[in-house]
Amino acid sequence: MKQAILRSNFNHLKHHSIGAFIETFRKESNIDISDITSEAHMSNTTYYKVIAGYDYPLNFYLRLLTTFFEFCDSARFTKFLSGFKEMALRDGEEEMWGRKNNKKNV
């Protein structure tokens with residue numbers, strides 16, 4: 001029996017901590033949800049699901065990044081982007097290692 005090769009698909013990870021990070025940043029920046037969702041071309045329901053960590057493709061997060069870029073000054077956006085990158089990498093590692101550990105235990 002061939003062993004499955006595990007590949008991390010960073011386009012479909014569940015980003016739980018990124019959602020909380022995005023929501024905190026939005027509140028600190030005094031940006032209204034309706035402004036974010038209209039600029040990012042997504043519904044309020046989709047926004048809340050992305051924030052909750054549902055399995056959305058990475059492009060939904062990228063739309064939010066682009067929208068924050070429009071609403072923030074460059075220094076604040078750079079700080080946000082740095083935190084976003086750290087969260088994405090950490091969530092990606094946790095997801096990848098979690099999958100490997102679950103596969104070994106089967």
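**Helix packing and buried faces in a predicted five-helix model**

Among contacts in the protein between residues at least 6 apart in sequence, 69% join residues at least 24 apart. The model discussed here is predicted.

Reader: Which secondary structure elements does the protein contain, and in what order do they run from the N terminus?

Author: The secondary structure comprises five helices and zero strands. Read from the N terminus on, the order of the elements is therefore α-α-α-α-α.

Reader: What share of the residues in the protein is buried?

Author: A residue counts as buried when its relative accessible area is under 20%. The protein has 106 residues, and the buried share of them is 34%.

Reader: Are helices α2 and α3 roughly parallel or roughly perpendicular to each other?

Author: Helix α2 spans residues 33-40 and helix α3 spans residues 44-52; their axes lie 9 Å apart and make an angle of about 100°. Angles of 65 to 115 degrees count as roughly perpendicular. The relation of α2 to α3 is therefore roughly perpendicular.

Reader: Which residues make the contact of α2 with α3, and how many of them are nonpolar, polar and charged?

Author: From α2, the contact draws on I33, I36 and T37. From α3, it draws on N44, Y47 and Y48. Divided by class, the residues are four nonpolar, two polar and no charged.

Reader: Where on α2 do its buried residues lie?

Author: The buried residues in α2 are I33, I36, T37 and A40. Around the helix axis they cover an arc of only 90°. An α-helix has 3.6 residues a turn, so residues three or four places apart point the same way. The arc therefore places the buried residues of α2 on the same side of the helix.

Reader: Within what arc do the buried residues of α3 fall?

Author: In α3, the residues T46, Y47, V50 and I51 are buried. Viewed down the axis of α3, these residues line one face of the helix, because they fall within an arc of 135°.

Reader: At what angle do α3 and α4 cross, and which residues meet there?

Author: T46, Y47 and V50 in α3 meet F60, Y61 and L64 in α4. By class, this contact of α3 with α4 has five nonpolar residues, one polar and no charged. Helix α4 covers residues 58-71, and its axis comes within 11 Å of that of α3, with a crossing at roughly 105°. That angle makes α3 and α4 roughly perpendicular.

Reader: Is S29 buried or exposed?

Author: S29 has its place in the loop between α1 (16-28) and α2. Leaving aside neighbours within four places in sequence, S29 is in contact with C72 and R76. Its relative accessibility is 19%, so S29 counts as buried.

Reader: Is N30 buried or exposed?

Author: N30 also has its place in the loop between α1 and α2. Its phi is positive, near 55°, in a residue other than glycine. At 69% relative accessibility, N30 counts as exposed.

Reader: What is the phi of H41, and is H41 buried or exposed?

Author: H41 comes just after α2, in the loop between α2 and α3. Although H41 is not a glycine, its phi is positive, about 55°. Its relative accessibility of 68% exceeds the limit of 50%, so H41 counts as exposed.

Reader: Which residue follows α3, and what is its phi?

Author: The residue following α3 is G53. The phi of G53 is positive, near 95°.

Reader: Where do F77 and F80 stand relative to each other, and what is the angle between their planes?

Author: F77 and F80 are three residues apart in helix α5 (residues 74-104), so about one helical turn separates them. Both F77 and F80 are buried. Their rings form a tilted aromatic pair, with a centre to centre distance of 6.3 Å and an angle between the planes of 40°.

Reader: How many aromatic pairs does a search of the whole structure find, and which residues do ring pairs link into a cluster?

Author: A search of the whole structure finds eight aromatic pairs. The cluster linked by ring pairs consists of F21, F25, F68, F69, F77, F80 and F84.

Note on methods: Residues numbered from 1 in each chain as written. Predicted model: local features only at pLDDT ≥ 70, side-chain atom pairs only at ≥ 80, totals over all residues. Heavy atoms only, no water. Axes fitted to C-alpha atoms, helices over the stretch in contact; angles between N-to-C directions. Helix = DSSP H or I, 4+ residues; strand = E, 2+ residues; numbered from the N terminus. Parallel < 35°, antiparallel > 145°, perpendicular 65-115°, else oblique. Contact = heavy atoms within 4.5 Å. Nonpolar A, V, L, I, M, F, W, Y, C, P; charged D, E, K, R; others polar. Buried < 20%, exposed > 50% of the residue type's maximum accessible area, 1.4 Å probe, protein only. Arc of directions from axis to C-beta. Phe/Tyr/Trp six-rings, centres within 6.5 Å; stacked < 30°, edge-to-face > 60°.
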